[in-house]
Amino acid sequence: MRLTNVAPNHAQRILKQGLYSWLFNLKSFFFLAYPMLQLLCGVGIGIGILLGFASSNVGENSHLITLIFAGLSLYLFLQKKYYHQLLAWSDPRTGNVVNINSHSA
């Protein structure tokens with residue numbers, strides 16, 4: 001095998017191991033904090049929209065504030081929706097069977 005074929009596989013294996021460890025260890029925190037983080041994003045989007053109506057220099061950055069909070073909200077939504085698929089994909093075991101109850105802490 002050439003070195004160019006080995007390096008991407010090794011990098012992908014390291015990425016999968018790190019992602020699996022991160023997702024598995026932060027499962028409880030993520031599912032408990034998800035509603036509060038989405039609420040915070042909603043407040044941030046609301047503040048960004050309100051700043052858009054302001055007639056000061058802050059109004060120029062309101063679109064950026066709204067975009068950042070909307071992006072964070074979308075990231076959180078997608079992470080929650082595809083959490084189990086990401087966990088199964090990154091599982092280093094051969095069976096790739098991960099049973100997690102998302103309602104338990």
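Contact here means heavy atoms within 4.5 Å of each other.

**Figure 1. Overview of the protein chain, a predicted model.** The model is predicted, so local features need pLDDT of at least 70 and side-chain atom pairs count only at pLDDT 80 or more, while totals for chains, interfaces and linings use all residues. Residues are numbered from 1 along each chain as its sequence is written, and side-chain values use heavy atoms, with hydrogens and water left out. The secondary structure comes to four helices and zero strands (DSSP runs of H or I of at least four residues for helices and of E of at least two for strands, numbered from the N terminus), and the chain, read along its sequence, follows the pattern α-α-α-α. Among the contacts with a separation of 6 or more, 72% are between residues 24 or more positions apart. Of the 105 residues in the protein chain, 21% are buried (under 20% relative accessible area, against over 50% for exposed and in between for partly exposed, with protein chains only). The accessible surface of the chain comes to about 7700 Å² (Shrake-Rupley, 1.4 Å probe), and 68% of this surface belongs to carbon and sulfur atoms.

**Figure 2. Close-up of the largest nonpolar core.** Nine residues make up this core, namely Tyr20, Leu23, Phe30, Phe31, Tyr34, Cys41, Leu76, Tyr83 and Leu87 (buried Ala, Val, Leu, Ile, Met, Phe, Trp, Tyr and Cys, joined through side-chain atoms within 4.5 Å). Two or more residues each are given to the core by α1 (3-25), α2 (27-52) and α4, and the helix that gives the most is α2, with four residues. Tyr20 counts as buried because its relative accessible area is 16%, and Phe30 counts as buried because its relative accessibility is 7%. Phe31, with a relative accessible area of 14%, is therefore buried as well.

**Figure 3. Close-up of the aromatic pairs and the aromatic cluster.** A search of the whole structure finds four aromatic pairs (ring centres of Phe, Tyr and Trp, the last by its six-membered ring, within 6.5 Å; planes under 30 degrees apart stacked, over 60 edge-to-face, the rest tilted). The rings of Tyr20 and Phe24 are stacked, because their planes meet at 15 degrees, and their centres lie 5.9 Å apart. Both residues lie in helix α1, where Tyr20 and Phe24 are four residues apart, about one turn of the helix. Phe24, with a relative accessible area of 41%, is partly exposed. Phe30 and Phe31 form an edge-to-face pair, with 5.6 Å from centre to centre and 70 degrees between the planes. These two phenylalanines, Phe30 and Phe31, belong together with Tyr34 and Tyr83 to one aromatic cluster.

**Figure 4. Close-up of Gln79 and Lys80 in helix α3.** Gln79 is found in helix α3 and, with a relative accessible area of 9%, is buried. Leaving aside its neighbours within four places in sequence, Gln79 is in contact with Trp22, Leu23 and Phe30. Lys80 also lies in helix α3, but at 34% relative accessibility Lys80 counts as partly exposed. When neighbours within four places in sequence are again left aside, Lys80 is in contact with Phe30, Phe31 and Tyr34. The C-alpha atoms of Lys80 and Phe30 are 8.4 Å apart in space, although these two residues are 50 residues apart in sequence.

**Figure 5. Close-up of a nonpolar surface patch.** Leu15, Leu74, Phe77, Leu78, Tyr82, Leu86 and Trp89 make a nonpolar patch of about 640 Å² on the surface. Helices α3 (62-81) and α4 (83-90) are the elements that give two or more residues to this patch, and α3 gives the most, with three residues. Patches are made of residues with over 30% relative accessible area and no salt bridge, with nonpolar side chains (Val, Leu, Ile, Met, Phe, Trp, Tyr) joined within 5 Å and like charges within 9 Å; a salt bridge is a side-chain nitrogen of Lys or Arg within 4 Å of a carboxyl oxygen of Asp or Glu. Trp89 is placed in helix α4, and this tryptophan, Trp89, counts as partly exposed because its relative accessibility is 38%.

**Figure 6. Close-up of Val58 in the loop between α2 and α3.** Val58 is found in the loop between these two helices, α2 and α3, and at 40% relative accessibility Val58 counts as partly exposed. Gly48 lies 10 residues from Val58 along the chain, and the C-alpha atoms of the two residues are separated by 9.6 Å.

Methods: Buried < 20%, exposed > 50% of the residue type's maximum accessible area, 1.4 Å probe, protein only.
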